[in-house]
Amino acid sequence: MNYNGRRLYSVHTREEIREKMMKEVVQISEVFSLSLSDATVILVHLCWNLGKASDRLVDDKEKFLSELGLVGSSDEDLEVTGEGDDNLVSTPFCSHKFSRDCWRDYLSKTLKKKEDERVLSISCLSQDCVASVGPGTVEKLGEPVKEMYERYLLASFMESNKETIKRCPDCDDYAIKRHDEVPSEDFDVVCLCGHIFCWSCQLESHRPVTCNNASLWLNELLYKSRNLARTAKRIKHCPECYSFVENHDGVWKCTDCSVSQPSNDSAIIRHMTLWETSDAALQRSKWDLEAVEEKTMDANCLRELDMKAIREAWMLTVQCRLVLKWSCVFGYFISDYHIAKKEYLDYLREKATANLSKHKETLHEVTDGIISGGGGIIAFREKLGDTTETTGNYFRFFAKTLKDGLCDVKVDAYEDVTTDYWFCDRCTFKNDSFDQECRMCVFSFESPPHVALCNVNSSASSHQQQQVTNVPNK
């Protein structure tokens, strides 16, 4: 993905992120003549702020180390227990020795608590002892605790750098690093595991729907719509009073005539049905992608560039299905006041679906031709590039048109009706009549997100860059 010609992010393995973390540890260790363990404790305590760590160590190194419990105790009356027992462990800064089992139990509970509360220091197991526990102590406790502590350190590093580094929400293998020179804004990320998600909220990619509306749909409205759909299957109208008649054990009973179904119930059920149908199509596209990946792996005669091009073309079908799926939710949030926009959205979705079906037909033909190594291989490659570019551009335009609020559609105004509200032409938010500008747009679009479909590079290199051409901001 690109921003003004520059790549927005890169995908890294967890080990590569750990290497970045250790470079900072080594830097502090070498500059200030500290052990790696002490340097780690300092950086965790200061949320991996190298500048702040340097300032504190320059100002008064001994005082700072003492505050963190990184110097030996001067208390001559300190109790010493279990001296000479190899099974007992203490920190380097005190003589409180405890069994490895006690340490493991203590650190297991403490690290879990640290993760929940974001507390930045771990002290000796002995009550009131301020000696710090760092890698030097953990190293003596065996692999399970060491592995747990490593996860804690990496989580601490990523949390402290959460503006630029985020783990993939669907796998434990990769993390995504946003490049420092680009704005921190909403864009889609394609992880090397194949998961596509929103950088801003880390939900599944939900263009053209805002993060707030996507969360509202997933956490509240989808559940509500499914309940309404189940209820609708056992309810009909009374022929006399037109209130609802409910089926109770085979007997239809008329409810109170004053009870009426909310006007938007049918709308939310309709969009939920569209959503679930689109989600099923999305899952089929993912299965198609997996099947094609297996074929390309088995075809040893394929060039790496051909494998990459085939995977990108099939990954595009997954991305397009995501846009179609979330366009159903976008339609739900269009107010009934914008009937023309609803109709235009249905038309656009129908055309986009037809375009994608044509792309998929071409992919089957071209992929089989390239893998089989049949005649006209060059023509197959050109056809693959053409259909990928054409479909990608079409869906970029489709997503941008929706993101911009279908602004080309003229909204019919109720000139003879006085209301105390108005609807935004861009995002359809219902504003109070005294609002001079849309409150949702002012809040959500101060830095308009770029609309782009991500191209996925299939190289096995875990730090491979992801690229896509962005549509310029409106």
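A nonpolar core is a set of buried Ala, Val, Leu, Ile, Met, Phe, Trp, Tyr and Cys residues joined through side-chain atoms within 4.5 Å. With that in mind, and remembering that the model on the screen is a predicted one, the tour can start inside the protein.

**The cores**

Select Tyr9, Ile176, Trp217, Trp326, Phe395, Phe398 and Leu406, which touch the most other members of the largest nonpolar core, a set of 63 residues. Now add helix α9, residues 304-332, which gives the most to this core, with 14 residues. A second core, separate from this one, has 43 residues, and to find it you can select Phe93, Tyr106, Leu141 and Tyr149, which are among its members. As a general background, nonpolar side chains in soluble globular proteins tend to be buried together.

**From the second core to Glu139**

Keep Tyr149 on the screen and select Glu139, which lies in the loop between α5 (135-138) and α6 (143-160). Glu139 and Tyr149 are 10 residues apart in sequence, and from C-alpha to C-alpha they are 9.6 Å apart in space. Show the side chains of Glu139 and Lys146 as well, and you will find them joined by a polar contact of 3.2 Å.

**Two pairs of helices**

Two packed helices are described by the angle between their axes and the distance between the axes. Select helix α10, residues 339-372, together with helix α11, residues 377-403, and turn the view until you can follow both axes, which come within 9 Å and cross at roughly 160°. Angles over 145 degrees count as roughly antiparallel, and α10 and α11 are therefore roughly antiparallel to each other. The crossing in which α10 passes α11 is left-handed. If you colour the residues of this contact by type, they divide into 14 nonpolar, eight polar and five charged.

For a contrasting view, select helix α1, residues 14-31, and helix α3, residues 50-67, which pack at an angle of about 15° with their axes 11 Å apart. Angles under 35 degrees count as roughly parallel, so α1 and α3 are described as roughly parallel to each other. Here α1 passes α3 in a right-handed crossing.

**Asp188 and its partners**

Next, select Asp188, whose place is in strand β8, residues 188-190. Is Asp188 buried or exposed? Since buried means under 20% relative accessible area, Asp188, with a relative accessible area of 4%, is buried. Display its side chain along with those of Ser205 and Arg207: the side chain of Asp188 makes a polar contact of 2.7 Å with the side chain of Ser205, and a polar contact of 2.6 Å joins it to the side chain of Arg207.

**Backbone details**

Most residues other than glycine have a negative phi, and most peptide bonds are trans. From Arg207, step along the backbone to Pro208, and look at the peptide bond between them, which is cis, with omega near 10°. Pro208 is placed in the loop between β9 (196-198) and α7 (211-232). Gln202 is also found in the loop between β9 and α7, and although it is not a glycine, Gln202 has a positive phi of about 65°. With a relative accessible area of 31%, Gln202 is partly exposed.

For the last stop, go to Cys47, in the loop between α2 (36-45) and α3. Cys47 is not a glycine, yet its phi is positive, at about 55°, and Cys47 is partly exposed, with a relative accessible area of 38%.

Key
Residues are numbered from 1 along each chain as its sequence is written. This is a predicted model: local features need pLDDT of at least 70, side-chain atom pairs count only at pLDDT 80 or more; totals for chains, interfaces and linings use all residues. Side-chain values use heavy atoms; hydrogens and water are left out. Axes are lines fitted to C-alpha atoms, for helices over the stretch in contact, and angles run from 0 to 180 degrees between N-to-C directions. Helices (H or I, at least four residues) and strands (E, at least two) are DSSP runs, numbered from the N terminus. Angles under 35 degrees count as roughly parallel, over 145 as roughly antiparallel, 65 to 115 as roughly perpendicular and the rest as oblique. A crossing is left-handed if the near helix is turned anticlockwise from the far one by less than a right angle, and right-handed if clockwise. Ala, Val, Leu, Ile, Met, Phe, Trp, Tyr, Cys and Pro count as nonpolar, Asp, Glu, Lys and Arg as charged, and the others, Gly among them, as polar. A polar contact is a pair of N or O atoms within 3.5 Å; within protein, one must be able to donate a hydrogen and the other to accept it, and residues adjacent in sequence count only if both atoms are side-chain atoms. Buried means under 20% relative accessible area, exposed over 50%, partly exposed in between (1.4 Å probe, protein chains only).
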